[in-house]
Amino acid sequence: MSTNQELIQQINQLRKKRHAVILAHNYQRPEVQDIADYVGDSLGLAQQAAETAARVIVFCGVHFMAETAAILCPDRLVLMPDPNAGCPLANMITVRGLQKKKSEYPEAAVVTYVNSSAAIKAESDYCCTSSNAVKVVQAIPANRPIIFGPDKSLGRYVERQTGRSLILWPGYCPTHHRILARDIKAKKQKYPEAKVAVHPECTEDVINLADKVASTSVILKYARETDAKEFIIGTEIGILHRLQKENPGKRFIIASRLTDCPNMKLTNLEKILWSLEDLAYEIKVPDEMARRARQAIQRMLELT
Ligand code: CIZ
């Protein structure tokens, strides 16, 4: 029996014993996605967490995602196999910085991308994901200024889709910004029939070359429902596993091999096993912060 098979057997035994579910983000390692009870985007996973009867949730993703699950299900034990899996984009905004910006624009609504800490969500009026950011902004009265953060690329994309001018926070995802327009052009030359699907965290010049700009869950849907046989994918490389698994007759070409998020890859099978053994590392959000952050998430869900 291979090491992985042994680990999987032990994980499965403990998962049962602990009444646990394993949730994995679309960017996780293939072997982690394969043992998960659910694979999805951060909001989808947090919603799965809220619906599950399991007492223990092992969240395989990055820190803000596990926090979102803890916010939506405060009565469950939410664990991260490696608590060092952070998100550089989420770290680009601080509570103090946001409070200062709010004091400069006291009448503004604050719309915050899900890629942010619970503390930042608690300072926000609305949360949004990459699939509903346009809808959330459109639902806010046109004469109300909007502070949008922390991702300036998503914010710029929303500006272009809505025709509204936003007060943009200057954060960005280093992994998505490694994709260059010349990477897409070179791949397009090699695969002229391929459709180009990119994430809105990419730079504007990359977005301009895309047939589809969407979140991971919508890219997965697009790949399933579009007749094309080849796709150039501009997002974190981990998504290729699910794309290929769900569409065996289609070909997926990553726009750049540099899109390997080191934080997403910190979680592995050994750490999942240890997490189940030791019930570690617990992710907890203080009650008052969770209540305020939950309001921002709920307002988003009501609008969309
Ligand atoms: O919300 C998520 O899961 C992120 C960060 C990306 C996506 O599009 O799924």
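This tour moves through the structure stop by stop, naming what to select and what is found there.

**Confidence**

Begin by colouring the whole chain by pLDDT, since the model is a predicted one. The mean pLDDT of the chain is 97, and 100% of its residues reach 70 or more. Select helix H3, residues 42-51, for the lowest confidence in the chain, a mean of 89. Then select strand E11, residues 230-234, where confidence is highest, at 99.

**The four-stranded open sheet**

Keep E11 in view and add its companions: the open sheet has four strands in the order E10-E9-E11-E12, paired in parallel. The edges are held by strand E10 (212-213) and strand E12 (251-254); each has a single partner strand, so one side of each lacks a neighbour in the sheet.

Next, select strand E9, residues 195-198, which runs parallel to E10 and is joined to E10 by two bridges. Showing the residues of this pair places valine 198 opposite valine 213 of E10, and alanine 197 opposite lysine 212 of E10. Towards E11, the pairing of E9 is again parallel, over four bridges. Valine 198 takes part here too, with glycine 234 as its bridge partner in E11.

Two helices can now be added to the view of E9 and E10, whose pairing is parallel. Helix H9 (residues 181-190) packs on the sheet and touches E9, E11 and E12, its direction making about 155 degrees with that of E9. Helix H11 (residues 216-225) also packs on the sheet, in touch with E9, E10, E11 and E12, and its direction makes about 165 degrees with that of E9.

**Threonine 216**

Within helix H11, select threonine 216. Is threonine 216 buried or exposed? Its relative accessible area is 3%, and it is therefore buried. Beyond its neighbours within four places in sequence, threonine 216 is in contact with Asn26, Tyr27, Asp41, His199 and Ile239. One of these, asparagine 26, offers its side chain for a polar contact with the side chain of threonine 216, at 2.9 Å.

**Strand E3 and its partners**

Move to strand E3, residues 56-60. Five of its five residues are buried, so the strand is largely enclosed by the rest of the structure. Display the side chains: Val56, Val58 and Cys60 point one way from E3, whereas Ile57 and Phe59 point the other way.

Add strand E1, residues 20-25, which runs parallel to E3 and is joined to E3 by five bridges. In this pair, leucine 23 stands opposite phenylalanine 59 of E3. Then add strand E4, residues 77-79, joined to E3 by three bridges and likewise parallel. Isoleucine 57 has valine 78 as its bridge partner in E4. To follow the chain from E3 to E4, select helix H4 (residues 63-72), through which it crosses; this β-α-β crossover is right-handed.

**Arginine 164**

The next selection is arginine 164, in the loop between helix H8 (152-162) and strand E8 (167-168). Arginine 164 counts as buried because its relative accessibility is 13%, below the 20% limit used for that class. What surrounds arginine 164, leaving aside its neighbours within four places in sequence? The residues in contact with it are Val137, Ile140, Pro141, Ala142, Arg144, Ile146 and Glu159. From arginine 144, the backbone oxygen lies 3.0 Å from a polar atom of the side chain of arginine 164.

**Backbone geometry**

Most residues other than glycine have a negative phi, and most peptide bonds are trans. The last selections depart from that pattern.

- Select the bond from glycine 149 to proline 150: it is cis, with omega near -5 degrees. Proline 150 is in the loop between strand E7 (146-149) and H8.
- Select the bond from alanine 280 to tyrosine 281, which is also cis, with omega near -5 degrees. Tyrosine 281 is in the loop between helix H13 (269-278) and helix H14 (287-303).
- Stay in the loop between H13 and H14 for leucine 279, which has a positive phi of about 50 degrees although it is not a glycine. Leucine 279 is partly exposed, with a relative accessible area of 31%.
- Finish at histidine 19, in the loop between helix H1 (3-17) and E1. Histidine 19, not a glycine, has a positive phi of about 50 degrees, and it is partly exposed at a relative accessible area of 49%.

Key. Residues are numbered from 1 along each chain as its sequence is written. This is a predicted model: local features need pLDDT of at least 70, side-chain atom pairs count only at pLDDT 80 or more; totals for chains, interfaces and linings use all residues. Side-chain values use heavy atoms; hydrogens and water are left out. Buried means under 20% relative accessible area, exposed over 50%, partly exposed in between (1.4 Å probe, protein chains only). Contact means heavy atoms within 4.5 Å. A polar contact is a pair of N or O atoms within 3.5 Å; within protein, one must be able to donate a hydrogen and the other to accept it, and residues adjacent in sequence count only if both atoms are side-chain atoms. pLDDT is the predictor's confidence in each residue, from 0 to 100. Two strands pair if DSSP finds at least two bridges between them. Axes are lines fitted to C-alpha atoms, for helices over the stretch in contact, and angles run from 0 to 180 degrees between N-to-C directions. A crossover is right-handed if, with the strands pointing away from the viewer, the path from the first strand over the helix to the second runs clockwise.
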